[in-house]
Amino acid sequence: MVSIIVPAYNSERYLVECLESAVAQTYRDIEVIVVDDGSSDSTLSIAEGFAERDSRVRFFHKCNGGQSSARNFGVDCARGEYITFLDSDDVLYPEAIEFMYGCACRENSELVICHFSQGERPYDLYSHKKKTQNVRKLPAWEVIKGILYQNGFDSSPWAKLYSRRIFENVRFTEGIIYEDLDFIYKAVDEVGHVVVADKRVYFYRYNPDSTVNVFTPRRFDVLDVTRRIEEYMLRHYPELLPAARDRRLSANFNMFGMIAVHDSTHVYGDIAGECWGVIKNYRKESLFNPSVRLKNKLGIIVSYCGRRTLAFFSRIIYRI
């Protein structure tokens, strides 16, 4: 059995479409766990309606604790051998579970990573079908490297299939945002190898109003998350320290730029100063690292013109 965990908070707008995509999976041995995280709209009643019509749907109501808390709660309730996550405004394509579970079984893998589509409205999976699917088996360290360099792998928990065993040692950190980035490298490190496929199994509905797309002080969580990643790599994968430092550099560039745009009263001047310190300390290593993406290298070059120049260009770029 595969457990599909759906954390839901005030999700009435898209939840029907989301759950319809879950129960319509071509692989039938599933359970759909809807965790209502203290919603004040009709989210719970929608989940109840699906549960009445399909015994594979189970719903739970809990006090609001955030998406990480809801995911962890769903994991505790899951009965499946494998687990996947589905956000309440997104969609699983019909063959998603069948394909990922098939890969896991054929390759004897505890973690499968696939691709996703992104936009405002779901579109048909079959327009993306290929005659052959590129399926690779990669060592865990190589996947972690790609995540850190933001090259070919993303840190989202969805469009992935996890063995239940992984969650015996790894959970989502509650009370922060960027919990996905804080989770994924530890989950990958739990397995010896990862199956990676280029098949699109998931539709991500882009929301410009989501927390990670607008400025809020909670976004500074990424600074602590990337610092912890660096410490983790130092202990477990010292050969990936350059990748971890580049990911931390990227986060500090991002937060420095966001502050430059949104903090006209200099409330976050100390944080901007800390970001600038990390940028100065880490930029040379990343500049001459061939694995670093061009976006970071351009930021590094601008930073050598000084803090004010970097802030000036940040105000242009982050307002686009």
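## A walk through a predicted model

Setting aside neighbours within four places in sequence, Val188 touches Leu111, Ala140, Val143, Ile144, Ile147 and Val194. Before going further, keep in mind that you are looking at a predicted model.

Let's stay with Val188 for a moment. You'll find Val188 in helix α6, which covers residues 179–189. Is Val188 buried or exposed? With a relative accessibility of 0%, Val188 counts as buried, because anything under 20% goes in that class. One of its contacts is a nice reminder that the chain folds back on itself: Leu111 is 77 residues away from Val188 in sequence, yet the two C-alpha atoms are 7.5 Å apart in space.

### How the helices pack

Two packed helices are described by the angle between their axes and the distance between the axes. Let's try that on two pairs here.

Start with α7 (residues 221–236) and α8 (residues 241–262). Their axes come within 9 Å and cross at roughly 170°. Angles over 145 degrees count as roughly antiparallel, and α7 and α8 are therefore roughly antiparallel to each other. Who does the touching? On the α7 side, the residues include Val222, Leu223, Ile229 and Met233. On the α8 side, they include Leu241, Ala244, Ala251 and Met255. Charged side chains take part too, among them Arg227 and Glu230 from α7, and Arg245 and Arg248 from α8.

Now follow α8 to its other partner in this tour, α11. At what angle do α8 and α11 pack? The answer is about 75°, with the axes 8 Å apart. That makes α8 roughly perpendicular to α11, because 65 to 115 degrees is the range for that label. In this pairing, Phe253, Phe256, Gly257, Ala260 and Val261 of α8 meet Arg307, Leu310, Ala311, Ser314 and Arg315 of α11.

Helix α11 has something else to show you. Phe312, Phe313, Ile316 and Ile317 make a nonpolar surface patch of about 390 Å². Ile317 from that patch sits in α11, which runs over residues 307–317. With a relative accessible area of 53%, Ile317 is exposed, since exposed means over 50%.

### Salt bridges

How many salt bridges does the structure hold? The count is 21. Here are three of them, with the distance between the N and O atoms.

| Pair | N to O distance | Where the residues lie |
|---|---|---|
| Asp76 and Arg171 | 2.9 Å | Asp76 in α3; Arg171 in the loop between β8 and α6 |
| Arg165 and Glu190 | 3.4 Å | Arg165 in the loop between β8 and α6; Glu190 in the loop between α6 and β9 |
| Arg227 and Asp224 | 3.6 Å | Arg227 and Asp224 in α7 |

Asp76 and Arg171 form a salt bridge, and this pair links distant parts of the chain, 95 residues apart. Asp76 is exposed, with a relative accessible area of 52%, whereas Arg171 is partly exposed at 32%.

Arg165 and Glu190 also meet in a salt bridge, and they too link distant parts of the chain, 25 residues apart. Arg165 counts as partly exposed at 27% relative accessibility, and so does Glu190 at 25%.

The bridge between Arg227 and Asp224 stays inside one helix. How many residues apart are Arg227 and Asp224? They are three residues apart in α7, about one turn of the helix. Arg227 has a relative accessible area of 29%, so it is partly exposed, and Asp224 is partly exposed at 38%. Elsewhere, salt bridges that share partners join Arg71, Asp87, Glu179 and Asp180 into one network.

### Two residues with a positive phi

Most residues other than glycine have a negative phi. That's the background for two residues worth clicking on.

Gln150 has a phi near 55°, a positive value in a residue that isn't glycine. Where is Gln150 found? Look in the loop between α5 (140–148) and β8 (160–163). Its relative accessible area is 28%, so Gln150 is partly exposed.

Tyr178 isn't a glycine either, but its phi is positive, at about 60°. Tyr178 is found in the loop between β8 and α6, the loop that also holds Arg165 and Arg171. Is Tyr178 buried or exposed? Tyr178 counts as buried, at 16% relative accessibility.

How values were computed
Residues numbered from 1 in each chain as written. Predicted model: local features only at pLDDT ≥ 70, side-chain atom pairs only at ≥ 80, totals over all residues. Heavy atoms only, no water. Patch = residues over 30% accessible without salt bridge, like charges linked within 9 Å, V, L, I, M, F, W, Y side chains within 5 Å. Areas by Shrake-Rupley, 256 points an atom, 1.4 Å probe, with all protein chains shown as cover. Salt bridge = Lys/Arg side-chain N within 4 Å of Asp/Glu carboxyl O. Helix = DSSP H or I, 4+ residues; strand = E, 2+ residues; numbered from the N terminus. Buried < 20%, exposed > 50% of the residue type's maximum accessible area, 1.4 Å probe, protein only. Axes fitted to C-alpha atoms, helices over the stretch in contact; angles between N-to-C directions. Parallel < 35°, antiparallel > 145°, perpendicular 65-115°, else oblique. Contact = heavy atoms within 4.5 Å.
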